[in-house]
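Reader: I have the sequence and the coordinates open. Let us go through them in short questions and short answers.

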Amino acid sequence: MKIALLGYGRMGKTIEQIAIKRGHSIVLTVDKDDTDYDISKADVAIDFSIPTEAFNNISNCLNNNVPVISGTTGWLDNYNNAVALCKEKQGAFIYASNYSLGVNIFFELNKTLAKMMSTLQQYNVTMEEIHHTQKLDAPSGTAISLANGIIDQHDGFDNWKLDESGETTIPITTKRIENVPGTHTVNYESEVDTISIEHIAHNRQGFALGAVIAAEWIIGKTGIFTMNDVLGL
């Protein structure tokens, strides 16, 4: 499989290492200042760029009939435009806020717990996410996915806000600490006890491996998919 890497920072380099170990070749690496490149030489593209470049990268792939996997967060104002373009071009596209296999299991656990807690109004929900200091967006895309998962399953909440609580609002606290790949915690707290679930990433390998697995999976497919499709969840 010939892979184009759109974004060649630390995540891009980690994906490159894992892809090569799995027998694939990297035929193109595109960094933020690169504008003149031929995406059509790739069988699939993996986008871990920056928020301001993500939609252009995805559009370029879809316009050239190249399946694209995107893990960039902070660009989702244009997500529906990407979906519309994918349908128009009959392309293939996966966006995930987190490609870690463990995190996607954590997403499902989070939804199940939210559904169980929905009738227990004495519990307040809080969330915390911790990432490295180079992360540009806050809260993380993963934290937003977790909050939306709770909102979908819990009648007591209808929105989330950064560092701001309310009767029906899930507050998300963010911290930026050097060399932290990603930690996400969901707390249900009452006067008598606290129930917490947490995912701690030890390195970037899990994110990178999941993205490569998604790229392997999407070859030959048409449509808009999620990691649930890839993992059969």
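Reader: In E8, which residue is the bridge partner of Glu128?
Author: This is a predicted model. Strand E6 covers residues 124-131, and five bridges join E6 to strand E8, residues 169-176. One of the partners in E8 is Ile172, which pairs with Met127. For Glu128, the bridge partner in E8 is Thr173.

Reader: Do E6 and E8 run parallel or antiparallel?
Author: Five bridges hold E6 and E8 together. E6 also pairs with strand E9, residues 182-189, and that pairing is antiparallel over seven bridges. E6 and E8, in contrast, run parallel.

Reader: Which residue in E9 stands opposite Val125?
Author: E6 and E9 pair in the antiparallel sense. In E9, the residue opposite Val125 is Tyr188.

Reader: Which strands stand at the edges of the five-strand sheet, E7-E8-E6-E9-E10?
Author: This sheet is open, and its pairing is mixed. Neighbouring strands are turned by 20 degrees against each other on average, direction ignored. An edge strand has a single partner strand, so one side is left without a neighbour in the sheet. That applies to E7 (159-162) and E10 (194-201).

Reader: What is the order of the open sheet of six strands?
Author: The pairing in this sheet is parallel. E2 (25-30) and E11 stand at the edges with a single partner strand each, so one side of each lacks a neighbour in the sheet. The twist averages 20 degrees from one strand to the next. The order is E2-E1-E3-E4-E5-E11.

Reader: Which residue in E11 stands opposite Ala92?
Author: E5 and E11 pair in the parallel sense over three bridges. Opposite Ala92 in E11 stands Gly223.

Reader: What angle does the direction of H1 make with that of E1?
Author: H1 packs on the six-strand sheet. There H1 touches E1, E2 and E3. The angle between the directions of H1 and E1 is about 170 degrees.

Reader: Which residues of helix H3 are buried?
Author: H3 spans residues 79-89. Its buried residues cover an arc of only 165 degrees around the axis, which puts them on the same side of H3. What covers them includes helix H2 (51-63), strand E5 (92-95) and strand E11 (223-225). The buried residues are Ala82, Val83, Leu85 and Cys86.

Reader: Which exposed residues does the face of H3 turned away from its buried side carry?
Author: An α-helix has 3.6 residues a turn, so residues three or four places apart point the same way. On H3, the face turned away from the buried side carries Asn80, Lys87 and Glu88.

Reader: Where does Ala84 fall: buried, exposed or partly exposed?
Author: Ala84 lies in H3. Its C-alpha atom is separated by 9.7 Å from that of Ile224, 140 residues apart along the chain. Buried means under 20% relative accessible area and exposed means over 50%. At 44%, Ala84 therefore counts as partly exposed.

Reader: What phi does Gln90 take?
Author: Gln90 comes just after H3. Its phi is positive, at about 55 degrees.

Reader: Which element gives the most to the largest nonpolar core?
Author: This core has 25 residues, and those with the most contacts inside it are Ile15, Ile46, Ile69, Ile94 and Tyr99. Elements that give two or more residues include E1 (2-6), H1 (10-21), E3 (44-47) and H7 (227-231). With seven residues, the element that gives the most is H6.

Reader: How many residues does the other core have?
Author: This core lies apart from the largest one. Among its residues are Phe106, Ala143, Ile150 and Ile170. Its count is 20 residues.

Reader: Is Asn98 buried or exposed?
Author: Asn98 sits in the loop between E5 and helix H4 (101-117). Beyond its neighbours within four places in sequence, its contacts include Phe107, Thr142, Phe207 and Met227. Its relative accessibility is 7%, so Asn98 counts as buried.

Reader: In which element is confidence highest?
Author: The protein chain averages a pLDDT of 93, and 100% of the residues score at least 70. Confidence is lowest in H7, at a mean of 92. At 98, it is highest in E3.

Methods:
Residues are numbered from 1 along each chain as its sequence is written. This is a predicted model: local features need pLDDT of at least 70, side-chain atom pairs count only at pLDDT 80 or more; totals for chains, interfaces and linings use all residues. Side-chain values use heavy atoms; hydrogens and water are left out. Buried means under 20% relative accessible area, exposed over 50%, partly exposed in between (1.4 Å probe, protein chains only). Helices (H or I, at least four residues) and strands (E, at least two) are DSSP runs, numbered from the N terminus. The arc is that of the directions from the helix axis to the C-beta atoms. Contact means heavy atoms within 4.5 Å. Two strands pair if DSSP finds at least two bridges between them. A nonpolar core is a set of buried Ala, Val, Leu, Ile, Met, Phe, Trp, Tyr and Cys residues joined through side-chain atoms within 4.5 Å. pLDDT is the predictor's confidence in each residue, from 0 to 100. Axes are lines fitted to C-alpha atoms, for helices over the stretch in contact, and angles run from 0 to 180 degrees between N-to-C directions.
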